[in-house]
Amino acid sequence: MNESITLEAPGSQNTGHTPLDLTHGSSSLEPGPAWELARVTRAAAVASAARVGRGDKNGADGAAVAAMRHLLGTVAINGTVVIGEGEKDDAPMLFNGERVGSGGGAPACDLAVDPIDGTRLTANGLNNALSIVAIAERGAMYDPSAVFYMEKLVTGPEAADVVDISAPAEVNIRRVAKATGRAPSEITVAMLDRPRHEDLVREVRRSGARLQLLMDGDVAGAIAAARTGTGIDLLLGIGGTPEGTPAACAIRSPGGVIRGRLWPQDERERARAVDAGHDLDRILTTEDLVSGRDVIFVATGVTDGDPVRGVRRDAGSTVTHSVVMHSRHRTVDFIESTTPTTH
């Protein structure tokens with residue numbers, strides 16, 4: 001099943017990057033790197049699916065990393081991993097600076113990869129684990145360097161111009177409610193379930209808004225907040241910086257916004273951030289996190305969730321569900337793939 005949702009094309013941007021035609025055509029489902037990247041995330045999702053619910057998050061992540069690394073080597077790109085997952089918790093990873101793709105005369109590009117966003121979700125058999133690859137023009141992706149966490153705000157296109165990450169949660173909830181023609185009590189806020197959010201949880205509930213706490217998977221939460229009809233209107237709170245850039249890549253297509261601010265955990269990390277040249281007071285926009293004309297986000301479900309279902313194995317077949325988002329064409333394409341199960 002292919003479902004294509006095409007939105008109004010955005011205006012061109014002069015970003016200083018060399019434009020890429022990563023799709024080789026007008027649709028992200030035509031032959032080319034976008035289609036090939038869906039094969040990459042499918043392979044990673046299938047490799048980890050056998051470990052869903054088995055309590056071994058690093059085993060699941062390791063299987064996904066190996067599959068993703070192997071398939072990325074076959075894609076016609078000259079890519080550099082700018083955002084790799086795993087560094088902050090010593091998990092298996094595709095490392096920052098790793099070169100991927102078949103190289104040669106293929107276009108140079110940045111990649112953000114997360115073989116499994118939601119390793120604990122996978123280990124515990126819970127929803128919203130995804131395998132993710134995002135790609136953009138070389139030099140287009142923001143590198144958070146030594147800071148592992150970021151304060152984030154994500155919402156959809158209707159409220160994109162009225163939210164402010166510096167404002168209290170209650171203010172942003174009222175603004176989203178007004179922009180969408182609803183009462184604050186009808187707004188749902190997604191947030192990672194972490195002790196650091198105790199005060200923020202109280203503030204959201206004091207506003208009258210509903211709260212959806214996430215064990216993990218704030219990329220899936222960000223996508224839900226940016227898209228209409230998901231039941232999530234706003235994502236708030238502190239999450240990983242490696243997830244911020246792929247979330248921004250995904251948001252470029254439906255037209256929502258992400259705002260971010262680096263959040264060092266301690267004075268040592270603060271000093272490293274300053275030494276690396278980061279302005280810790282700077283509010284990062286969607287375009288700061290990923291710029292350029294061609295931004296592609298691809299995800300395949302490991303477990304069920306939004307926007308895609310998880311891997312299914314039955315009747316001798318493996319069924320996967322993927323989403324491909326392309327910023328230039330403002331397309332969101334859903335792919336269901338069925339392949340024979342090998343033994």
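**Figure 1. Pairing of strand 12 with strand 13 in the predicted model.** R313 stands opposite T318 in strand 13, in a model that is predicted rather than determined by experiment. The two strands, of which strand 12 comprises residues 312-314, pair in the antiparallel sense over 3 bridges. They form a hairpin with 2 residues between the strands, and within this hairpin A315 takes a positive phi near 50 degrees. A315, which lies in the loop between strand 12 and strand 13, has this positive phi although it is not a glycine. Most residues other than glycine have a negative phi. With a relative accessible area of 83%, A315 is exposed.

**Figure 2. Strand 13 and its other partners, strand 11 and strand 14.** Strand 11 (residues 295-301) is joined to strand 13 by 5 bridges, and the two run antiparallel; in this pairing A299 stands opposite V323 of strand 13. Strand 14 (residues 331-340) also runs antiparallel to strand 13, to which 10 bridges join it, and here the bridge partner of V324 is D333 in strand 14. Strands of a sheet pair through backbone hydrogen bonds, either parallel or antiparallel. How many of the 10 residues of strand 13 are buried? Of residues 317-326, which make up strand 13, 9 are buried, so the strand is largely enclosed by the rest of the structure.

**Figure 3. The turn between strand 13 and strand 14.** These two strands form a hairpin with 4 residues between them, and R330 in the turn has a positive phi of about 50 degrees. R330, placed in the loop between strand 13 and strand 14, is a residue other than glycine, and its phi is nevertheless positive. Is R330 buried or exposed? R330 is buried because its relative accessible area, 18%, falls under the 20% cut-off, whereas A315, in the hairpin of strand 12 and strand 13, is exposed at 83%.

**Figure 4. A cis peptide bond ahead of P307.** The peptide bond that joins D306 and P307 is cis, with omega of about 15 degrees. P307 is found in the loop between strand 11 and strand 12, and both of these strands pair with strand 13, strand 11 through 5 bridges and strand 12 through 3. Most peptide bonds are trans.

**Figure 5. The open sheet of 5 strands and the helices packed on it.** The strands of this open sheet follow the order 8-7-9-6-10, and their pairing is mixed. Its edge strands are strand 8 (210-214) and strand 10 (257-262), each of which pairs on one side only. From one strand to the next, the twist averages 15 degrees. At one edge, strand 7 (residues 188-192) and strand 8 pair in the parallel sense over 5 bridges, and in strand 8 the bridge partner of M191 is L213. Helix 4 (residues 169-179) packs on the sheet, where it touches strand 6 (149-155), strand 7 and strand 9 (234-240), with its direction making about 140 degrees with that of strand 9. Helix 6 (residues 218-226) likewise packs on the sheet, touching strand 6, strand 7, strand 8 and strand 9, and its direction makes about 160 degrees with that of strand 9.

**Figure 6. The packing of helix 1 against helix 2.** Helix 1 (residues 33-49) and helix 2 (residues 57-72) pack at an angle of about 155 degrees, and their axes lie 7 Å apart. The two helices are therefore roughly antiparallel to each other, a description that applies to angles over 145 degrees. Helix 1 passes helix 2 in a right-handed crossing. On the side of helix 1, the residues that meet helix 2 are L37, R39, V40, T41, A43, A44, A47 and S48; on the side of helix 2, the residues that take part are A60, A63, A64, A67, M68, L71 and L72.

**Figure 7. The whole protein, as context for the close-up views.** The secondary structure comes to 9 helices and 14 strands, and of the 343 residues of the protein, 55% count as buried. Among contacts between residues at least 6 apart in sequence, 70% join residues at least 24 apart. The protein exposes about 14,100 Å², of which carbon and sulfur atoms supply 46%.

Definitions and conventions
Residues numbered from 1 in each chain as written. Predicted model: local features only at pLDDT ≥ 70, side-chain atom pairs only at ≥ 80, totals over all residues. Heavy atoms only, no water. Buried < 20%, exposed > 50% of the residue type's maximum accessible area, 1.4 Å probe, protein only. Pairing = 2+ DSSP bridges. Axes fitted to C-alpha atoms, helices over the stretch in contact; angles between N-to-C directions. Contact = heavy atoms within 4.5 Å. Areas by Shrake-Rupley, 256 points an atom, 1.4 Å probe, with all protein chains shown as cover. Parallel < 35°, antiparallel > 145°, perpendicular 65-115°, else oblique. Left-handed = near helix turned anticlockwise from the far one by under 90°.
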